[in-house]
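This report concerns helix packing, buried residues and aromatic pairing in one protein model. The sequence and structure are shown first.

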Amino acid sequence: MSDLARLLEAVVEGERDVSPRPLSVSQLRAVVALDRHDGVNLRQLAEQLGSTPPLVSRLCDRLEAVGFLERLPSARSRRELTLRLSDRGRAYLQDLRARRRDRVQALLAKMSPAGRSALAAGLQEYRALADAAGDPPDLHS
């Protein structure tokens with residue numbers, strides 16, 4: 001079982017290597033969260049990332065510096081800011097997802113039909129168990 005867990009971890013980590021710079025892993029997680037939950041405030045983003053507002057604020061400073069994040073006035077409160085991905089941030093994420101998809105498709109094409117079927121069945125079961133446990137899969141990013 002631990003060998004299988006290490007193998008799955010290695011596959012996921014390998015896909016992270018497809019990510020072109022300038023983003024760190026934590027910045028990439030923030031970009032993905034902002035893509036999924038457009039228009040959140042800093043506190044909400046910190047909750048989604050399991051972090052603290054001061055740390056997420058600094059992370060957002062760096063994302064804004066590379067042009068991936070926009071801070072806009074909130075419609076709900078004058079003291080609050082709304083966080084949104086910029087067009088550049090969205091383009092980066094779309095390119096990253098396309099590169100990962102191409103890499104996965106190329107590797108899947110090299111697998112035997114039996115191997116692809118076994119992989120599909122195993123991943124469907126894994127996803128169902130993760131969904132039932134309330135664990136969001138991290139394979140979308």
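The sections below describe a predicted model, taking helix packing, a helix face and aromatic pairing in turn.

## Packing of α2 and α4

Helix α2 (residues 25–36) packs with α4 at an angle of about 85°, and their axes lie 10 Å apart. The range from 65 to 115 degrees counts as roughly perpendicular, and α2 and α4 are therefore roughly perpendicular to each other.

On the α2 side, Ser 26, Gln 27, Ala 30 and Val 31 make the contact; α4 contributes Leu 59, Arg 62 and Leu 63. Classified by residue type, the contact of α2 with α4 comprises four nonpolar, two polar and one charged residues.

## The buried face of α3

Helix α3 spans residues 42–49, and Leu 45, Ala 46 and Leu 49 are buried in this helix. Viewed down the axis of α3, its buried residues fall within an arc of 100°, so they line one face of the helix.

The cover over the buried residues of α3 includes α2, α4 and the element β2 (81–85).

## The aromatic pair

A search of the whole structure yields one aromatic pair. Its partners are Phe 68 and Tyr 92, in a tilted arrangement with 5.0 Å centre to centre and 40° between the planes.

The pair links distant parts of the chain, with its two residues 24 residues apart. Phe 68 lies in the loop between α4 (53–65) and β1 (69–73), whereas Tyr 92 belongs to helix α5 (residues 87–110). Both Phe 68 and Tyr 92 are buried.

Methods:
Residues are numbered from 1 along each chain as its sequence is written. This is a predicted model: local features need pLDDT of at least 70, side-chain atom pairs count only at pLDDT 80 or more; totals for chains, interfaces and linings use all residues. Side-chain values use heavy atoms; hydrogens and water are left out. Rings of Phe, Tyr and Trp (its six-membered ring) pair if their centres lie within 6.5 Å; planes under 30 degrees apart count as stacked, over 60 as edge-to-face and the rest as tilted. Helices (H or I, at least four residues) and strands (E, at least two) are DSSP runs, numbered from the N terminus. Buried means under 20% relative accessible area, exposed over 50%, partly exposed in between (1.4 Å probe, protein chains only). Axes are lines fitted to C-alpha atoms, for helices over the stretch in contact, and angles run from 0 to 180 degrees between N-to-C directions. Angles under 35 degrees count as roughly parallel, over 145 as roughly antiparallel, 65 to 115 as roughly perpendicular and the rest as oblique. Contact means heavy atoms within 4.5 Å. Ala, Val, Leu, Ile, Met, Phe, Trp, Tyr, Cys and Pro count as nonpolar, Asp, Glu, Lys and Arg as charged, and the others, Gly among them, as polar. The arc is that of the directions from the helix axis to the C-beta atoms.
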